[in-house]
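Open the structure in your viewer and get ready to select a few residues. This short tour goes from one stop to the next.

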Amino acid sequence: MKGKITFGTGAMLDMISNRAQPHSLSILPSGCFPTVLRSRDGAVVWGVEAIVFAAGACLEWLRDDLVLIEDPAESEALATSVNSCDGVSFVPALSGLGTPQWDFGARGGFFGITRGTSKAHLVRAVLEGIAQRGADLVDAAQRELGVTLKELRVDGGMTANRFFVQCVANFTGLQVTVSSEREATTRGAGLMALVSAGFLTLDEVEGLWSPADVFLPQFTSPERSALRATWAETVKRVAKTIPELSAIEF
């Protein structure tokens, strides 16, 4: 089974569900929620969706407000100019946390900053933090559907950053294939219009997939598990920063 994440201003994961129509469209226990992926001739294919509120928006923040970079493209070179984050971590909760926490009162945070922390460490921590949130989406969807992904497909502006995509592979433990079309959501809408009009079949659309690149995880399973456990504890530190907003449910 495959999943897809678009890493744009935010990040959104979609996976086909192996279940019938849900009884409710409310958020599921995993933090995902059911959604219609396609409908034709009365046949509805359901899926699950998971969301990160701030992904590429964090790089815009680094550029426009913190002025640590002049262009998001610089983030890759900065991140790879150091061997690690040197103990710094960043939780990208600039607008709260989506899946799986759904904590609108959570707020972003850097942790582990010292006098030796450089701009490169901060930028690298931001990229790793967004990748960790992508892994949160994958974990939630797999938990909800009771499946194990074989491949994760990604698109969106952030996938131009090879360091970032490698982090996604490392933290998910999955093969990550990058779409040759960064705006794959827009392209997909056009292709579905052609399917609806009878000019293409779904099988033909699937046959058009040709990844621009493939990334394999570089961490062992124990290494990944340790990093993910540390990440889960870090995320807890930004929870309920604004209790009134954290109390909002839908």
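## Where two helices meet

Start by selecting Gly129, Gln132, Arg133, Ala135, Asp136 and Asp139 in H3, which meet Arg224, Leu227, Arg228 and Trp231 in H7. As you look, keep in mind that this is a predicted model. By class, this contact of H3 with H7 brings together three nonpolar, two polar and five charged residues.

Now show the two helices in full: H3 covers residues 119–145 and H7 covers residues 221–236. How do they pack? Their axes are 11 Å apart and make an angle of about 100°. Angles of 65 to 115 degrees count as roughly perpendicular, so that is the word for H3 and H7.

## On to the aromatic rings

Next, clear the selection and pick Phe33, Phe53, Trp102 and Phe104, which form one aromatic cluster. Across the whole structure, a search finds nine aromatic pairs. Zoom in on Phe53 and Trp102, an edge-to-face pair with 5.7 Å from centre to centre and 70° between the planes.

Follow the chain outward from each ring. Phe53 sits in the loop between strand S4 (43–52) and helix H1 (56–64), while Trp102 is in the loop between strand S5 (89–91) and strand S6 (109–111). The pair therefore links distant parts of the chain, 49 residues apart.

Is Trp102 buried or exposed? Its relative accessibility is 12%, so Trp102 counts as buried. Phe53, at 25%, counts as partly exposed.

For the last stop, keep Trp102 selected and add Phe104: this aromatic pair is tilted, with 6.2 Å centre to centre and 50° between the planes.

Technical notes: Residues are numbered from 1 along each chain as its sequence is written. This is a predicted model: local features need pLDDT of at least 70, side-chain atom pairs count only at pLDDT 80 or more; totals for chains, interfaces and linings use all residues. Side-chain values use heavy atoms; hydrogens and water are left out. Rings of Phe, Tyr and Trp (its six-membered ring) pair if their centres lie within 6.5 Å; planes under 30 degrees apart count as stacked, over 60 as edge-to-face and the rest as tilted. Helices (H or I, at least four residues) and strands (E, at least two) are DSSP runs, numbered from the N terminus. Buried means under 20% relative accessible area, exposed over 50%, partly exposed in between (1.4 Å probe, protein chains only). Axes are lines fitted to C-alpha atoms, for helices over the stretch in contact, and angles run from 0 to 180 degrees between N-to-C directions. Angles under 35 degrees count as roughly parallel, over 145 as roughly antiparallel, 65 to 115 as roughly perpendicular and the rest as oblique. Contact means heavy atoms within 4.5 Å. Ala, Val, Leu, Ile, Met, Phe, Trp, Tyr, Cys and Pro count as nonpolar, Asp, Glu, Lys and Arg as charged, and the others, Gly among them, as polar.
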